[in-house]
Amino acid sequence: MSTLESSHQKAFMALFFAFFVNFLGYAFIVPILPAWQTQFSLNATQATLLVSLWAVPLFLFGPLTGRITDRHGAGRTVAVSLVLLAASSGLYVVATKEWVGRPFALLALARLLHGASGATIMTAGLASASQLWPTRFGEQAGKLLGIAAIGGLFGPVLGGFLFTWGEAWAFAALGCLTLAVVPLVVLARKEIGGPLEGSSASVSIRVFFQDAILFRVGVLLAITTVATGALEAGVPLFLNDTLGLSSAQIGGVLLVMVLMQGIGSVVWGRLVDQKGPTRYMVIGWTFVVLSLLGVGATGALLEGDMAVFAMIGLLGVFQFSIAAAQIPMLPMIDTATNRALGEGNPGLAFGVFGAAWAAGTILGPLLVGPVFDLFGSWALALGGLAVPAAGALFITLSNREVLRDCYETEIQKRQL
């Protein structure tokens, strides 16, 4: 193994574990929410608010996290963010033990700090990967998001077990796991990346709205998270209300969903580097539309075990396909930003598009709930998500040549 390959491997392993512990805490609190509802007399809105608050800092401060990354370097940014991520676990402990007044406000503050530091890790990590592997970015980004999905899956399991065992000290364990990754990142901070000479604080965010390709990719990315966010919120309720599944059975369905997205992230990322992103975006959106229509039809027409097995299969197809729509957008963001702004601003690019990702995550649950309340049908509420997905497929098809030309032109430059 050459010195350069060894350096890149060191950086990748540090980012790998940073992404894992980052998303480990994303859904860590989900099984703890019922206990908090009882302890702090929270209503359902307050309890679910604690979950959605995670994405708010990324939505509000995504571009800022990008500028910080470009100016101070991805390595230093990830290291400091991990320390702040561990600090949020400390706030959870203080709030849960009620060592200070107004514990719910402290829980909300902990969640916001958790989301802000986690958003910065994601922005800096993707920016670093785009610089370290300019012609293999799809594969490496797919691996990072794949381990993030696994962390998000393992988080609720670990959180539920540790909270039962030690209540507030579950968060102490989460903080210790996070801090354990800090030395690994600190040792690899130079390999992960330093400040970029070509970065410019004068670059206007308006560019991302004015440039046709950047704007379209941002819209497509937001639609992917609208769909996933809506399903994350609506599927458990649908499985319980309509199909009568228990919590354990619902957990099994969600397990299939997350695993399929994690596998898809790795598979599609590697294929994108080999043959370009646009064909896989088309394939992904096509099967996303079909699977969502199938979910609606299943809820309306089937019952019993047949409905359950059909739902598991369709949601698995959806998660695998949404990865095909989502992962290719990462190298598209990278190449389109280079074409529009030149080199030196990858952090800003992924920060801006992180805000688009967060906007979809926040908006998705707000779409599916009102549709159910209005029509009283989970089949319609979930199947109706095929409408924005079909819009995304149309955008992809109508801009396929432009997107492909942008990507291939930039990749050819990097291969010279």
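Let me begin with Arg 102, which is exposed, with a relative accessible area of 70%, and I should say at once that what we are looking at is a predicted model. Arg 102 sits in the loop between α5 and α6, and its phi is near 55°, a positive value in a residue other than glycine. The loop between α5 and α6 also holds Glu 98, where phi is again positive and near 55°, in a residue that is not glycine. Is Glu 98 buried or exposed? With a relative accessible area of 45%, Glu 98 counts as partly exposed, because the partly exposed class lies between 20% and 50%.

From that loop I would like to step back along the chain to helix α4, residues 56-72. At 1.5 Å a residue, the 17 residues of α4 should span 24 Å, and the end C-alpha atoms of α4 are 23 Å apart, which agrees with that expectation. Even so, α4 carries a bend of about 65° at Gly 62, with a proline, Pro 63, following within four residues. The helix is followed by Gly 73, whose phi is positive, near 100°.

Which residues of α4 are buried? They are Pro 57, Leu 58, Gly 62, Pro 63, Thr 65, Gly 66, Thr 69 and Asp 70, so both Gly 62, where α4 bends, and Pro 63 are found in that buried set. These buried residues pack against α5, against α6, residues 103-132, and against α16, residues 346-375.

Taking the α5 partner in more detail, the axes of α4 and of α5, residues 74-96, come within 6 Å and cross at roughly 125°. That angle makes α4 oblique to α5, because it falls outside the 65 to 115 degree range that counts as roughly perpendicular and is not over 145. On the α4 side the contact is made by Ile 68, Thr 69 and His 72, and on the α5 side by Ala 74, Arg 76 and Thr 77. By character, the residues of this contact divide into two nonpolar, three polar and one charged.

Helix α5 has another partner, α8, residues 169-187, and here the axes come within 8 Å and cross at roughly 170°. The two helices, α5 and α8, are therefore roughly antiparallel to each other. Among the residues of α5 that meet α8 are Gly 75, Leu 82, Ser 89 and Thr 96, while the α8 side includes Trp 169, Phe 171, Thr 178 and Val 186. What is the make-up of the contact of α5 with α8, in nonpolar, polar and charged residues? It divides into 17 nonpolar, five polar and no charged.

Coming back to α16, I would point to Ile 362, which lies in that helix and is partly exposed, with a relative accessible area of 26%. Leaving aside neighbours within four places in sequence, Ile 362 is in contact with Ala 55, Val 56 and Phe 59. Ile 362 and Pro 388, 26 residues apart in sequence, are 15 Å apart in space, C-alpha to C-alpha.

My last residue is Leu 145, in helix α7, residues 137-166, and Leu 145 is buried, with a relative accessible area of 17%. Apart from neighbours within four places in sequence, Leu 145 is in contact with Phe 19, Ser 265, Ile 327 and Leu 330. Between the C-alpha atoms of Leu 145 and Arg 270, which are 125 residues apart along the chain, the separation is 13 Å.

Note on methods:
Residues are numbered from 1 along each chain as its sequence is written. This is a predicted model: local features need pLDDT of at least 70, side-chain atom pairs count only at pLDDT 80 or more; totals for chains, interfaces and linings use all residues. Side-chain values use heavy atoms; hydrogens and water are left out. Axes are lines fitted to C-alpha atoms, for helices over the stretch in contact, and angles run from 0 to 180 degrees between N-to-C directions. Angles under 35 degrees count as roughly parallel, over 145 as roughly antiparallel, 65 to 115 as roughly perpendicular and the rest as oblique. Contact means heavy atoms within 4.5 Å. Ala, Val, Leu, Ile, Met, Phe, Trp, Tyr, Cys and Pro count as nonpolar, Asp, Glu, Lys and Arg as charged, and the others, Gly among them, as polar. The expected span of a helix is 1.5 Å times one less than its number of residues. The bend at a residue is the angle between axes fitted to the seven residues ending there and the seven starting there. Buried means under 20% relative accessible area, exposed over 50%, partly exposed in between (1.4 Å probe, protein chains only).
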